[in-house]
Amino acid sequence: MIYYRWKSLVYLCSGSDLQEVIEGHKMSLKRRCEHVTEGTHEAGSGTLLNKIYTELYITEGQSEEVDTQHEVRQLERTSQKNIQDTPIKCQDLFKVLSEQQRHIRVVLTNGVAGVGKTFSVQKFSLDWAEGLENQDISLVLPLSYRELNLIRDEQHSLLSLLHVFHPTLQKIRAEDLTVWKLLFIFDGLDESRFSLGFNKHQLISDVTQVSSVGVLLVNLIQGNLLPSALIWITSRPAAAHQIPPSCVDRITEVRGFTDSQKEEYFRRRFSDEDLSKRIISHIKASRSLHIMCLIPVFCWITAIVLEDMMTRDQRGELPKTLTDLYSHFLRVQIKRKKQKYGGKQRPEELTEADKELLLKLGRLAFEHLEKGNIMFYSEDLERCGLDVSEVSVYSGVCTEIFKRESVIFQKSVYCFVHLSVQEFLAAVYMFHRHTRKDTAVINQFLEYSEPATSLDDFLRRALMKSLKSENGHLDLFVRFLHGLSLESNQRILGGLLDQRNSHPETIQKVLNNLKEVNSDGISPDRSINIFHCLMEMKDQSVHQEIQEFLKSEKKSERRLSEIHCSALAYLLQMSEEVLDELNLQLYNTSVEGRRRLIPAVRNCRKVVLSASFLSTSHCEVVASAMTSNPSHLRELSLRWNQSLTDAGVKLLSSAMMHPNCRLETLRLSDCSLSEISCDSLASVLRSNPSHLRVLDLSYISLEDSGMKLLCSGLESLNCQLETLRSASFYLQHNN
């Protein structure tokens, strides 16, 4: 007999029984985690994880505005940051790294689709199972949401749940769970199809008590059930808000490959050194491809396409846009299928059966893109007319584009190899529906009663719908739609799309529409996607004109259109050089054009947004600039903004209290400040730490109640303000 001690609990148990359970579980976990795939095989086969694993860049904290931007835009932000965070190694997630930190019980790890969250979970689990790391933990218990979805309608106790998903643990008893040090890993919160009701739920503290899966998870996370158990949750950014901040002890973010790791990936993948150098050189030359290569899966897609094109007699131009690349990716998979199974057609040609299956997959991709789903089950496939057995064995096209992820309870879980592949196939399907004049599907998507008769009208309406999306979930989809309107991309897809609508006159109408879009009421961040749509259509005119503008010595004399301003905002915030000052009044453009420039504040030290009629959405962009990591903004002038609302001031004030914010000067002269806004500003003055040194409230008539609130902030010991400009305070002092 041995004594097993943890957290002052002494538990008398059989040493042989304990070791038998743990060793059996470790062997099972090792078998599950030691092999990984890059989209080409089913789970359980493929390459050894330890052979290809590259340490991902994991940092404490997370990027701001994660739920209001498409993940590609978040990647763009990450790519241009000179990140100052110290990375955290995967195996150190639960270790206290500083004296200030309390015990780490719940860790939430964010990261965009395909960035390597599940790989990190596998690596952590494998290292534990092989006895290399975190041996103070008795049991590591991975439970993915994609598998938990399969029993979402069933009732279980926590003990029976573990018996179901980890059969090697059949011998463990309820009392074992209460004294062992356990780590539950819930991978893929964004894939969950059941709700987590933190506000109102059944209270459970007994591991044998039966309830729904969602209720069990909430009680585990809150600490009602097994309060000493460690919890690790992974999620895409948009779904992470489901976990209340009060329940989380550490937030981390997986940021994917650094530039050097991208190059390492391609050098390791290709034994031909010359080929790897050519591929790396091409990726560096295309900004959109280089940014996307932060994602390991995208590196794999890029490698497949460029290897195929560079190792055969390739006379055409290498892909520079995302639509180009994904069209070639689909063509390569079709060719591989033909080469494997033979056939009378040329390798690149599509049979009618190929087209039918791809369009059914496209329908599945589109319908679930609208719902926000990236995992699918047999019933989802059947609703789209897909034969489950056909999808499982349809090599080449489906094995690498659409794969069976795992099998549990004799049920298959399916997914596309990456969200961007789902978005591309969704765009292919929707473009095909337009060419076939399927008004029912098109009108339901566009939410219009009148049908979109022409290609330019269809794309214009699709763009406007995407711009109104709260989280930008259609941004990449609509970029693909515009790219697919080009005959060159339709040709790559081997007859899948009808080319009759893509006349030069029609394409010119589409381009003109993009350049003339009225974006009143649309977030300036979202408007940048209009510029990306132009780039997907290989129209370089706006980009070239802005490059010339930046080189010009007489910038104030050159009139900028609104699309110019979106392009300029994008280029300025992606620049490696931080701009000293951005003054919107110095740009010769319309009021809406100036608003479209606002996203550039993220890469500036001093910003003047005077008389800009700022809405709440504009304040959100400025607030995100203050909270970004690193934040460059030191001085902000919002003078003469009578449209500044309480909500806007609250957003800005909350941002100024963020740990990343370094704002020192805020000018609000001649703005309208209510008592509520004064209260928000007083909170900033009381905050710790407070970096604000200069506050300009001149030409503002403050009510007594507002002044009292501000005075309470000024009297705070935390207040570091050195200069306050205000006629109201001056008069009050004299009286």
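This text follows the charged side chains of a predicted model, from salt bridges to a patch of surface charge.

Across the whole structure, a search finds 37 salt bridges. One of these joins Asp-380 to Arg-383, with an N to O distance of 2.7 Å. Both residues belong to helix 15 (residues 378–383), and because they stand 3 residues apart there, about one helical turn separates them. The two ends of this pair differ in their surroundings: Asp-380, at 1% relative accessibility, is buried, whereas Arg-383, at 52%, is exposed.

A second pair within a helix is formed by Glu-487 and Arg-491, whose side chains meet in a salt bridge at 3.8 Å, N to O. Here the spacing is 4 residues in helix 22 (residues 487–492), so the partners are again separated by about one helical turn. Glu-487 is partly exposed, with a relative accessible area of 37%, and Arg-491 counts as exposed at 52% relative accessibility.

The bridge between Arg-433 and Asp-438 has an N to O distance of 2.7 Å, and both of its residues are buried.

Salt bridges may also join into a larger arrangement. Lys-606, Glu-635, Arg-667, Asp-696 and Arg-725 are linked in a network of such contacts.

Other charged residues gather at the surface without a salt bridge. Glu-675, Asp-679, Glu-703 and Asp-704 make up a patch of negative charge there. Among them, Glu-703 lies in the loop between strand 20 (694–696) and helix 31 (704–714). Its relative accessibility is 58%, and Glu-703 therefore counts as exposed, the cut-off for that class being over 50%.

Note on methods. Residues are numbered from 1 along each chain as its sequence is written. This is a predicted model: local features need pLDDT of at least 70, side-chain atom pairs count only at pLDDT 80 or more; totals for chains, interfaces and linings use all residues. Side-chain values use heavy atoms; hydrogens and water are left out. Patches are made of residues with over 30% relative accessible area and no salt bridge: like charges are joined within 9 Å, nonpolar side chains (Val, Leu, Ile, Met, Phe, Trp, Tyr) within 5 Å. Accessible areas come from the Shrake-Rupley method with a 1.4 Å probe; for residues, only the protein chains shown count as cover. A salt bridge is a side-chain nitrogen of Lys or Arg within 4 Å of a carboxyl oxygen of Asp or Glu. Lys and Arg count as positive and Asp and Glu as negative; His and the chain ends are not counted. The place of a charge is taken as NZ of Lys, CZ of Arg, CG of Asp or CD of Glu. Helices (H or I, at least four residues) and strands (E, at least two) are DSSP runs, numbered from the N terminus. Buried means under 20% relative accessible area, exposed over 50%, partly exposed in between (1.4 Å probe, protein chains only).
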